[in-house]
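Trainee: I should like to take a close look at a single part of this structure and to see how that part fits into the whole. Would you please guide me through it?

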2 protein chains.
Amino acid sequence: MAQMGRPRVFDRQQAIEQAMHLFWEQGYETTSLSQLKTQIGGGISAPSFYAAFGSKEALFKEAVQCYLESYARVTDGLWDDEIPPREAVELTLRRSAKMQCESGHPKGCMVALGTMSAPKPEHAHVAKPLAASRSRTHAGFVRCVERGIAMGELSEETDARAMGTMFSSFLLGVSISARDGIKISVFNASITELMKLWDAARNER
Amino acid sequence: MAQMGRPRVFDRQQAIEQAMHLFWEQGYETTSLSQLKTQIGGGISAPSFYAAFGSKEALFKEAVQCYLESYARVTDGLWDDEIPPREAVELTLRRSAKMQCESGHPKGCMVALGTMSAPKPEHAHVAKPLAASRSRTHAGFVRCVERGIAMGELSEETDARAMGTMFSSFLLGVSISARDGIKISVFNASITELMKLWDAARNER
DNA sequence: TCACATATGTATCGATCGGTATAAATATGT
DNA sequence: ACATATTTATACCGATCGATACATATGTGA
């Protein structure tokens with residue numbers, strides 16, 4: 001049997017993406033139910049909202065999941081051992097910066113900017129997947145530097161944690177800078193500079 | 001004549017600092033009136049609050065001003081021409097990172113983290129002084145690189161905007177990383193790495 | 001002593017917050 | 001045709017939002 005009952009008048013997946021854009025731009029707490037209801041499918045009622053998603057928090061979790069499975073994939077290269085570590089780092093920086101400056105969605109990265117909600121203990125579990133993703137990306141940068149050392153490309157004295165934190169913090173800062181209107185061309189030039197640090201850490205041969 | 005009328009039972013300047021800590025940690029919109037009233041002077045009433053500060057927004061502006069005149073001064077070195085540009089950049093990075101990791105107040109920088117409120121046009125003017133401060137710091141980094149070029153220390157081909165954006169975005173990212181628990185020792189090691197970029201841009205002589 | 005100025009406590013304002021109760025509308029399965 | 005399942009629309013819930021009216025308390029200046 002197909003689906004029974006009266007059919008839903010809006011597209012559920014599309015609604016999640018619209019909610020994701022709102023949460024991306026304003027964060028969890030600042031985005032209100034009425035904003036979500038107005039935006040979704042050109043306007044839905046409260047009961048339709050709760051029948052479809054359960055609660056604001058449940059929808060946020062789905063929106064975050066949607067983001068992690070799409071836009072956040074720009075950092076996947078960090079975990080691809082087929083890619084040489086230097087390329088993996090540079091590719092990730094450029095892909096992420098480009099995505100964060102794209103039009104068609106809010107500037108910056110939802111994972112980086114959904115941080116403010118954390119302090120309130122009542123919403124700690126809401127911010128947890130975002131924090132986990134940041135931690136994962138940070139670890140990915142560190143891992144690439146470690147790969148560079150293990151391959152003999154980088155000097156044994158290279159501080160992988162310091163270097164990884166540098167790449168990671170720069171990329172987090174891009175989210176704020178992008179909201180302030182910095183253009184992708186400037187970020188790309190900055191990344192070109194930043195990658196010189198990798199070369200400076202090379203083994204003298 | 002001194003002040004007339006019934007004397008205020010709480011210290012106004014101290015109240016501004018307590019409010020600043022709340023706004024610093026949670027942002028403008030997420031911090032509620034009842035939180036502020038509870039925190040200030042061990043608890044004050046709504047009329048006392050409005051008699052003293054006028055409105056939530058007015059208090060926020062005073063809190064931001066208080067922050068800019070104290071903690072935010074860590075970046076003042078960027079505009080001190082007495083300091084050689086390389087030292088000015090490094091000093092600013094280390095001072096700010098240290099401040100952001102200090103205990104006794106929220107982690108990170110209030111100027112960097114008070115961004116989310118911006119999207120809502122109703123609160124644009126509230127976020128404006130924060131955006132102005134970020135813009136000023138960004139310009140300060142660029143200016144130091146330009147000073148380095150003008151002094152003949154850095155190569156003429158150095159892209160000052162790219163380099164300044166790199167320092168600035170890294171420092172903005174420190175706010176998020178600090179909230180995630182990264183320690184000051186790691187940031188200091190990252191800054192040591194980052195400063196090698198300045199040396200890499202030196203004039204070959 | 002007493003008018004004046006300011007702060008305080010109680011009680012409350014309308015608006016919005018996230019969330020629901022109820023019943024009518026619209027599909028499927030038999 | 002008719003029972004069942006699901007979404008819809010209207011109306012509303014208690015709680016909290018930022019902000020205020022009003023009367024009382026407590027100080028200064030003449």
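Mentor: Positions taken from UniProt are given in the numbering used here, and such annotations may be inferred rather than shown by experiment. With that caution in mind, the part to examine is the stretch of chain A at residues 34–53, where an unreviewed UniProt entry places the feature "DNA-binding region". Please remember throughout that the model is predicted.

Within residues 34–53 of chain A, the chain is 70% helix and 0% strand. The C-alpha atoms at the two ends of this stretch are 14 Å apart. The absence of strand agrees with the chain as a whole, for chain A has 9 helices and 0 strands.

Let us now place this stretch in its surroundings. The C-alpha trace of chain A spans about 70 × 40 × 35 Å along its principal axes. Of the 205 residues in chain A, 51% are buried. If one takes the contacts between residues at least 6 apart in sequence, 69% of them join residues at least 24 apart. The accessible surface of chain A amounts to about 9,400 Å², and carbon and sulfur atoms account for 51% of that surface. Chain A carries 24 positive and 24 negative charges, and the mean positions of the two sets are 7 Å apart.

Further along chain A, one may consider A:R73, which lies in the loop between α4 (56–68) and α5 (85–101). A:R73 has a relative accessible area of 44%, so it counts as partly exposed, a class that runs from 20% to 50%. Although A:R73 and A:V111 are 38 residues apart along the chain, their C-alpha atoms are separated by 11 Å.

A contrasting case is A:T165, found in helix α8 (residues 160–179) of chain A. Its relative accessible area is 0%; because the limit for a buried residue is under 20%, A:T165 is buried. Leaving aside residues up to four places away in sequence, A:T165 touches A:H138 in its own chain, together with B:I182, B:V186, B:F187 and B:S190 in chain B.

These contacts lead to the relation between the two chains. A turn of 180 degrees, with a shift of 0.0 Å along the axis, lays chain A on chain B with an RMSD of 0.1 Å. This is the relation of a two-fold axis. Both copies use the same surface, since 100% of the contact residues of chain A recur in chain B.

Note on methods: Residues numbered from 1 in each chain as written. Chains lettered and ligands numbered in written order. Predicted model: local features only at pLDDT ≥ 70, side-chain atom pairs only at ≥ 80, totals over all residues. Heavy atoms only, no water. Helix = DSSP H or I, 4+ residues; strand = E, 2+ residues; numbered from the N terminus. Buried < 20%, exposed > 50% of the residue type's maximum accessible area, 1.4 Å probe, protein only. Contact = heavy atoms within 4.5 Å. Areas by Shrake-Rupley, 256 points an atom, 1.4 Å probe, with all protein chains shown as cover. Lys, Arg positive; Asp, Glu negative; His and termini not counted. Charge placed at Lys NZ, Arg CZ, Asp CG, Glu CD. Least-squares fit on C-alpha atoms with pLDDT ≥ 70 in both.
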